Amino acid sequence: MNHTTHTDIDFKKVVLAGIPSELPTPKSFDSSINHAPKRKEILSEYEKKLALRNALRYFEPKHHASLLPEFKQELEKYGRIYMYRFRPDYKIVARPISDYPGKSVQAKAIMLMIQNNLDDAVAQHPHELITYGGNGAVFQNWAQYLLTMQYLAQMTDEQTLVMYSGHPMGLFPSHKEAPRVVVTNGMVIPNYSKPDDWEKMNALGVSQYGQMTAGSYMYIGPQGIVHGTTITVLNGFRKIKKSPKGGLFVTSGLGGMSGAQPKAGNIAGCITVCAEVNPKAIHTRHSQGWVDEVISDLDLLVQRVKEAKAKEETVSIAYDGNVVDVWESFDNENIQIDLGSDQTSLHNPWAGGYYPAGLSYEESNEMMANQPDLFKAKVQESLRRQAAAINKHTAKGTYFFDYGNAFLLEASRAGADVMNTENQDPLKPREFKYSSYVQDIMGPMCFDYGFGPFRWVCASGKAEDLAKTDAIACEVLEELIKNSPEEIRQQIQDNITWIKGAQHNKLVVGSQARILYADSEGRIKIAEAFNNAIAKGEIGPVILGRDHHDVSGTDSPYRETSNIYDGSRFTADMAIHNVIGDSFRGATWVSIHNGGGVGWGEVINGGFGMVLDGSKEAERRLNSMLFWDVNNGIARRSWARNDEAVFAIKRAMKQNPELKVTLPNIVDESLF
């Protein structure tokens, strides 16, 4: 028998109420929570009034006189109108799907994922509705959250909710085959994609930066990237022909996705040093078990790393300080770094994504708000120092890779010595001294073969359901590898190893979620097996998704498509095709964003969510959509003459005779 508690009834009642008709009591500012830094003042006096008018349109006129001074104060104090007063009193966490009010199981699943993105244990700045990356938002303000949850609770399977950069435009008549939600974030006119354009439009409340999986409701905590980081670290050591055992990986960033790095280093079996300037971010990751040790003294760090190398330990160390000091100190102390990278949020360099050396965390926050030009100069000076120190290490044999956070791009804009001046391969030209991890590892080894970050969430909220899905996925992969071509056996084996260790490595933060890298065949077979298990009553509903950082979803010239060398890196047709194709092939929700991962104006990326309920309709949808979602990208990559993608798309055409893809003819280089 299903017992409904008083708490459940209250939660459902509050969600269905939406924006309250009477004003709730103002909330006190919770200093124990990690908050977003103050955004710089960018609006004119006229625009400030416009921002206030825009915010007040969510509320009945009778409340405007009370809310106007409050919102004006927020705008002045924080640079944004968050509407803190309307933050719900209930705990925001991914509940079991049965706890949500509503008429549509698909809509309830989306509510679950929204709440997971805003869970205090998951989100970087939860009270500012920012999930990760410093500015990756689910919504712009709490009124949008309340209204969206209300719409989802009211929705039928013959309506579609349209989301306009965090703002719920409303429920529109639709049909069962259509997506339940269509999401856009930051889709501005191309000529208005500079960082200050985002600052202004976001302050006005008319656009937002959705990152990748923040504004598309598919973030699953740092686990979402830990698998990809593990693969990158493992293959990084393979590239230098060295065992991870006793090897040293140095990087930075412990907030949001970058918090995956120490956990990935532990899984790979190396020593990881990850610098972070925000003590709250360090505390969060250390308390969650994602980093083993915390050291704030540079001399002690040097001593500890020397000890770990001598003993060939597997250990992750958070350095409470600036990574520039680590690079410079390790050079002076002749500590050999095997792998090096950086995962600070350099897509957002002037507003908290990167903290310069020589300033404290507090000094930086004050300067970025009150002296933005000086802060920018300090950031660029720090990037030049960091690049110079990295160059010294790579001269000693360090393998450094750009981890797709725009480090090399912003360092080059700062005048750092990172440009490639050596003789180049005419077929694979490289702008920077160092490759991005996609150029060297993820592109040719994974994306071109169709392998990318497939993920799922057990909507029941039960850990035992997640364990069952892990076992199902492992069984599918072990069956697939028996007849897989040699070209993809290593990828499948790495994922079998990963999924077998998933429970032991305690990767869950927030929802009962899992990620692994799979191609279209693997994704479809795993999804079919889940759907069958749901139909038999062995597990509850499952929500499928993926990172936007994938084979097809993202056009990003310095990351996901950085290994496209036919001159089409700066086109975004693939991402647009992907989201359109997913929408009419059965996705439960689709999203398309400007800027996710590497910065506003630098990338277009799309994602999806799909609810499996055990039905035949779900089986039909997953087969249609997952096949397109991957092979759309392989087709584009093969047209760019990527050998691995040509192999993969030919294999896909054999598997499905209805697929017919234009293949490139290769020109004999001797003709030139």
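How many helices and strands does the protein have? In this predicted model, there are 21 helices and 17 strands.

Let's start with the overall build. The C-alpha atoms occupy a box of roughly 70 × 60 × 50 Å along the principal axes. A compact globule of 672 residues would have a radius of gyration near 26 Å, and the 24 Å of this protein agrees with that. Of the 672 residues, 62% count as buried. Taking contacts between residues at least 6 apart in sequence, 71% join residues at least 24 apart. The exposed area comes to about 26100 Å², with carbon and sulfur atoms supplying 52% of it.

Now for the pockets, which are set out here by volume and by the classes of their lining residues.

| Pocket | Volume | Lining by class |
|---|---|---|
| Largest pocket | About 500 Å³ | eight nonpolar, four polar and six charged residues |
| Second largest pocket | About 380 Å³ | 10 nonpolar, seven polar and eight charged residues |

If you would like to find the largest pocket on screen, 18 residues line it, and the closest to its centre are Leu 427, Lys 428, Ala 640, Arg 641 and Asn 642. Helix 15 (437-445) and helix 21 (643-655) each give at least two residues to that lining.

For the second largest pocket, the lining has 25 residues, and those nearest its centre are Pro 195, Trp 350, Glu 410, Arg 413 and Trp 600. Two or more lining residues come from each of helix 6 (195-204), helix 13 (372-394) and helix 14 (407-413). Helix 6 gives the most to this lining, with four residues.

Definitions and conventions:
Residues numbered from 1 in each chain as written. Predicted model: local features only at pLDDT ≥ 70, side-chain atom pairs only at ≥ 80, totals over all residues. Heavy atoms only, no water. 1 Å grid on protein atoms, 1.4 Å probe; cavity = no way out; pocket = protein on both sides within 12 Å on 5 of 7 lines; lining within 4 Å. Points joined across faces, edges and corners; volume = space filled by probe spheres on them. Nonpolar A, V, L, I, M, F, W, Y, C, P; charged D, E, K, R; others polar. Rg over C-alpha atoms; globule rule 2.2 N^0.38 Å. Buried < 20%, exposed > 50% of the residue type's maximum accessible area, 1.4 Å probe, protein only. Contact = heavy atoms within 4.5 Å. Areas by Shrake-Rupley, 256 points an atom, 1.4 Å probe, with all protein chains shown as cover.
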